[in-house]
Amino acid sequence: MSATQTPAGTNSLRSGPDNRGRFGIFGGRFVAETLMPLLAELETAYRATQADPAFRRELDYYLKDYVGRPSPLWFARRMTEELGGARIYMKREELNHTGSHKLNNVMGQILLARRMGRTRIVAETGAGQHGVATATVCALFGMKCAIYMGATDVERQKPNVFRMKLLGAEVVPVTAGAGTLKDAMNEAMRDWVTNVHDTYFLVGTVAGPHPYPEMVRDFQSVIGEETKQQIMEAEGRLPDAIVAAIGGGSNAMGIFHPFLDDPEVKLIGVEAAGCGLDSGLTAASIERGRPGVLHGNRTYLMQDEDGQITEAHSISAGLDYPGVGPEHSWLNDIGRAEYVGATDQDALDAFQLCTRTEGIIPALESAHAIAYAAKIAPDMAKDKILVVNISGRGDKDIFTVAERLGVKL
Amino acid sequence: MSRIARRFASLRQHGRGALIPYVEACDPDYDTSLAILRGMPGAGADLIEVGVPFSDPSADGPTIQKAALRGLKGGSSMKRVLEMVRAFREGDDETPIILMGYTNPIEAYGPERFCVDARKAGVDGLIVVDLPPEESDLLAGPAAAAGLDIIRLVAPTTPDERLPVVFSGASGFVYYVSITGVTGTRTASTDELAQALPRLRKATDLPIAIGFGIRTPELAANAVRVADAAVVASALLNTLETTLDEEGKATSRTVPAVLEQLRGLADAVHAVKK
Ligand SMILES: Cc1ncc(COP(=O)(O)O)c(C=O)c1O
């Protein structure tokens, strides 16, 4: 299949992946044989829930009364005025229970895991937001929970580590590699392959072997579906552009997907450029990587000539990943979405701008999206509409930000 | 007939099982790993697996992870690995060499060029841990054209109805991952093995090797009582690790210690009459 064809050969960009789990040349199922039968079982179980209205009802109940959905679409008046261009709206995913979009996906997958009769959950986490969300639902349903987290991230996201422990999860620091998200992902996969009989691997982003990228996207698409309805109510039309930060790409995929077939809506993914796209210290997999195979899927990866995966760098633990979800790789190659970078410094500036003008302390991950929105808004006409996904709140990041601003807490 | 098929045919003729040791390329440096590789046939290796270091060996336990990192630090690259096999082939035209690794370094090298170059260097077969049958079109054509065997992994979780999928396109031998888990951790019980093997035999005529968790001569002998070959990796890498100096460099004990352990394993395997 060429990269420009739509996945299922239909004329919708929303019908992917194909039956091999591919988006164009990306995606697939590159895992050890031990896991292949489990992925087949997972896919069958997932398809059954898709066809089951009772599952949808159950999920909707938890999304409304536990997660706190729908999340508001906020018109950022002061930021709009200060930037002097496009009207900026913020999708307030930071208001979800546990403080980020991560719970949307986790809620869906935990209900699936329960239907599959699993009693133990393993997950990887970077910033700790996915780990906290996972530990939270494990507490809610009384399930055993092990969270793998890179040792570097354990250090820079202490509040979340403590939170996970309070919630009853075992937090396992991973010292392999640079001790960040990619290493945690490896270790979570090793746990899963060892404990296949009772364990469910709860992937936190739109990456990994099929059907994870599709499934996580579907559970996160509630963000875009609500946004569509809310912007129609507020403005009577679709936005001109949607901007979201890209780690693995789940909050972005969630807000993009319902708009894929609306070509008038520009979709912009903001990767972490770290110290600069050409500094060698970046996490911009699409902009500076090449297609390759890692963690069960083919996608853009930061790697050297020999195919060894290189360490990513970002001020934000949640974006510090050398890969990206395969659907983003495909959207990039067919030109439906655009991928750009924001540096550590851009994110720090945007973190403060958002806090000062809107009274919203965003996660450093989300600050990357705000940074790019703030960059393009002034050049857009005043009647243009820009939606930024505020994927999480920034309480977890105040230590990092204080340190960078030279403030001792 | 491929080197692998020839070797298994001759072993069968002599009523013997095979020992397949593993050496990680460039662990801890090129010369040491080449010396180990060269010494292996004399110490009783019937076939040899050469590990291709990868930064993210997600199906491997701590021992092979560390070996892979040492290999990368020791200057490994796909080019270096093939160079090492070529150097080995200068002195040994009989012992089959199987490369074991992950998809990405092969994809980065270019699958077609890789298969051609690997064959030229003297490689006989490939085990690609994260390339299941469903994704094998990446390598199947180029490997067949170059005359490389594709060794398929089969696991305890593989259901009977999936065995034909796994074995279609398999050649050389079949690698039974005897536990659900990563390398170098748990060991399958004799009972578990006795149950698993008939199931596999029904589905394939290829020789069957057992790997994962075989760390002693006794366990290796047990494995070849039911299967055709035993693969030993982590146990040898652990031994290698204990001989390194404080900076992780090889010492005069490194090569002899690994080969001596290998001899003990091989003697036990070869004492089993089949
Ligand atoms: C608040 C927040 N936003 C974004 C991300 C990045 O993940 P994704 O790209 O999957 O949305 C994370 C990951 O930890 C996060 O915590």
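This passage describes selected features of a predicted model, taking in parts of chain A, the surroundings of the ligand and a strand arrangement in chain B.

In chain A, helix H5 covers residues 129–141 and has 13 residues. The distance from its first C-alpha to its last is 19 Å, close to the 18 Å expected at 1.5 Å a residue. H5(A) is mostly covered, with eleven of its 13 residues buried. Among these buried residues are Gln129(A), His130(A), Gly131(A) and Val132(A) at one part of the helix, together with Cys138(A) and Phe141(A). Ala133(A), Thr134(A), Ala135(A), Thr136(A) and Val137(A) are also buried. The buried residues of H5(A) pack against three helices of chain A, namely H2 (53–67), H4 (102–115) and H7. They also pack against two strands of chain A, E5 (120–125) and E6 (144–150). Just after H5(A), Gly142(A) adopts a positive phi of about 65°.

Helix H7 of chain A, one of the packing partners of H5(A), comprises residues 158–166 and includes Lys158(A). The side chain of Lys158(A) forms a polar contact of 3.0 Å with the side chain of Glu155(A). Lys158(A) and Lys396(A) are 238 residues apart along the chain, yet their C-alpha atoms are separated by 8.1 Å.

The ligand is surrounded by 17 residues, of which the closest are Thr205(A), Gly247(A), Gly249(A), Ser250(A) and Ser391(A). Two side chains place a polar atom by an oxygen atom of the ligand: that of Ser250(A) at 2.7 Å and that of His101(A) at 2.9 Å. For Ser391(A), a polar side-chain atom lies 2.6 Å from a nitrogen atom of the ligand.

In chain B, strand E7 (residues 174–177) pairs with strand E8 (residues 208–211) in the parallel sense over four bridges. Within this pairing, Val177(B) stands opposite Gly211(B) of E8(B). Strand E6 of chain B (residues 152–154) also runs parallel to E7(B), and three bridges join the two. Here Arg152(B) stands opposite Val174(B) of E7(B). E7(B) and E8(B) further belong to a right-handed β-α-β unit, whose helix is H9 of chain B (residues 190–203).

In a regular strand, side chains alternate between the two faces of the sheet. In E7(B), Val174(B) and Tyr176(B) point one way, while Tyr175(B) and Val177(B) point the other way. All four of these residues are buried.

Technical notes:
Residues numbered from 1 in each chain as written. Chains lettered and ligands numbered in written order. Predicted model: local features only at pLDDT ≥ 70, side-chain atom pairs only at ≥ 80, totals over all residues. Heavy atoms only, no water. Polar contact = N/O pair within 3.5 Å; in protein donor to acceptor, adjacent residues only side chain to side chain. Buried < 20%, exposed > 50% of the residue type's maximum accessible area, 1.4 Å probe, protein only. Pairing = 2+ DSSP bridges. Right-handed = clockwise from strand over helix to strand, strands pointing away. Expected span 1.5 Å × (residues − 1). Contact = heavy atoms within 4.5 Å. Near = heavy atom within 4 Å.
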